[in-house]
Amino acid sequence: MADILLVEDDPSTSEAVALALSSYGHRVGTAATGDAAIEQWRQRRPDLVLLDVMLPGRDGLEVCREIRRTDRVPIIMLTARSDPIDVVLGLESGADDYVTKPFEMRVLLARIKAVLRRGAGAPDEGVRRFDDVTIDPTGMVVEKAGEEVHLTPTELRLLLELSARPGQVFTRQLLLERVWEYEYLGDSRLVDVCVQRLRAKIEPDPAEPTLIQTVRGVGYKLVTPR
């Protein structure tokens, strides 16, 4: 099941859609304004965004463009606008799909399933390269300068999570949820310790890391060294 960010300013619609998605096993976070949507997206790193167009402050098109600058997360627009030009604008802003209101829940679920399926088969599942470090998500193999690096399952899951979206900041809580499982109520220092171990194995100088960088007070991000 997916972690979904639902952006909808109408409370009754938001509640109804969130309840329906939760009943199908999805984890749902909500936002009612464009600014709140951006904040939630940065904090949650959802698997999919359901995005209303008419929002207070920044509208859905602006939010979509902001997300698309750095993230390939699937986005489905939800809107009462059905004019073809509105559909075109939504898709050109970077949305993956467009569902007009009112809609049947089973239709929305089918569209969500299709978009997530496409995302799962995206090209970014190929080998990832960061300087002399290569990560093969399919083979679950990590190499540094051509030599295999032996990682624990947790270290590997942490590296796969960070490398899936290079340059983006992951909070410690989000990493706890994604790597140590969603229900795990653990100490965020577990993340710090695992990052230290990972750095010791893949960084040229773990004391001066260039791959996995600390974002003070927030968490970590993986970047390509310059």
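These are my notebook entries on a few places I looked up in this structure, which is a predicted model.

**Entry: the three-stranded sheet**

I began with the open sheet, whose three strands follow the order E10-E12-E11 and pair in an antiparallel manner. I then asked which strands stand at the edges. They are E10, covering 170–171, and E11, covering 212–215; each has a single partner strand, so one side of each is left without a neighbour in the sheet. As general background, I noted that the strands of a sheet pair through backbone hydrogen bonds, in either a parallel or an antiparallel sense.

**Entry: the E11 and E12 hairpin**

Next I followed E11 to its partner E12, which spans residues 219–222, and found that four bridges join the two strands, running antiparallel. Going through the pairs, I saw that Thr-214 has Tyr-220 in E12 as its bridge partner, while Val-215 stands opposite Gly-219 of E12. I also looked at the turn of this hairpin, where three residues lie between the strands, and noted that Gly-217 takes a positive phi near 80°.

**Entry: helix H6**

I turned to helix H6, residues 153–164, and checked its span: its 12 residues reach 16 Å from the first C-alpha to the last, which is close to the 16 Å expected at 1.5 Å a residue. I then listed the buried positions in H6, which include the leucines Leu-156, Leu-158, Leu-159, Leu-160 and Leu-162, and I noted that Glu-155, Glu-161 and Ser-163 are buried in this helix as well.

**Entry: Glu-148**

I located Glu-148 in strand E9, which covers residues 147–148. Is this residue buried, exposed or partly exposed? Its relative accessible area is 46%, and because partly exposed residues are those between the 20% and 50% limits, I recorded Glu-148 as partly exposed. Leaving out residues up to four places away in sequence, I found that Glu-148 touches Val-141, Val-142 and Glu-143. I also checked Thr-134, which is 14 residues from Glu-148 along the chain, and found their C-alpha atoms separated by 9.3 Å.

**Entry: a nonpolar patch**

Last, I looked at the surface and noted a nonpolar patch of about 240 Å², made by Ile-85, Val-88 and Leu-89. Of these residues I followed up Ile-85, which lies in helix H4, residues 84–92. I recorded Ile-85 as partly exposed, with a relative accessible area of 48%; since a patch takes residues with over 30% relative accessible area, that value fits its place in the patch.

Key. Residues numbered from 1 in each chain as written. Predicted model: local features only at pLDDT ≥ 70, side-chain atom pairs only at ≥ 80, totals over all residues. Heavy atoms only, no water. Buried < 20%, exposed > 50% of the residue type's maximum accessible area, 1.4 Å probe, protein only. Contact = heavy atoms within 4.5 Å. Patch = residues over 30% accessible without salt bridge, like charges linked within 9 Å, V, L, I, M, F, W, Y side chains within 5 Å. Areas by Shrake-Rupley, 256 points an atom, 1.4 Å probe, with all protein chains shown as cover. Salt bridge = Lys/Arg side-chain N within 4 Å of Asp/Glu carboxyl O. Expected span 1.5 Å × (residues − 1). Pairing = 2+ DSSP bridges.
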